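Trainee: Before we look at the chain, I would like to go through the reasoning behind the words we use for it, taking each term together with the value that supports it.

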Amino acid sequence: MSFHRRTFTPRATPDEIERLIYHMPTVAGLAETDFAKGFAQSMMKQSRRRGWKPSLKQLPIMRELVSDLFTHDPDQGGDNQLFE
């Protein structure tokens, strides 16, 4: 018997989606990779559509990128190293 491992992604509340979208311009502005910048810009653009919600693949990426904004590594001397 073969088991496929699936990652559980809790559904986002409307408040969480709003918070994630709010931070996307900052993510795009501070991103150190083309992927992070392009992804954040894409989410900002898509979020303007009526009734839009992030997909189950987009949501964990958005959560990770926003979380990275607030992650501080004391070994970095006070500078945040985003999206390495």
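Mentor: Let us begin with contact, which means heavy atoms within 4.5 Å. Keep in mind throughout that this is a predicted model.

Trainee: Which residues does His 23 touch, not counting residues up to four places away in sequence?

Mentor: With those sequence neighbours set aside, His 23, which is found in helix 1, touches Val 66, Leu 69 and Phe 70.

Trainee: Why is His 23 called buried?

Mentor: The term buried requires a relative accessible area under 20%, and His 23 has a value of 14%, so His 23 is buried. Across the protein chain, buried residues make up 30% of the 84 residues.

Trainee: What makes a set of residues a nonpolar core, and which members of the largest one touch the most other members?

Mentor: The members must be buried residues of the nonpolar kinds, joined through side-chain atoms within 4.5 Å. The largest such core has 17 residues, of which Ile 21, Met 24, Val 27, Met 43, Trp 52 and Met 62 touch the most other members. Helix 1 (14-30), helix 2 (34-46) and helix 3 (58-69) each supply at least two residues of this core, and helix 1 gives the most, with six.

Trainee: What does Met 43 touch, not counting residues up to four places away in sequence?

Mentor: Under that restriction, Met 43 touches Ile 21, Met 24, Trp 52, Gln 58 and Met 62.

Trainee: How many helices and strands does the protein chain have?

Mentor: The protein chain has three helices and zero strands, and from the N terminus on its elements run α-α-α.

Terms used:
Residues numbered from 1 in each chain as written. Predicted model: local features only at pLDDT ≥ 70, side-chain atom pairs only at ≥ 80, totals over all residues. Heavy atoms only, no water. Buried < 20%, exposed > 50% of the residue type's maximum accessible area, 1.4 Å probe, protein only. Helix = DSSP H or I, 4+ residues; strand = E, 2+ residues; numbered from the N terminus.
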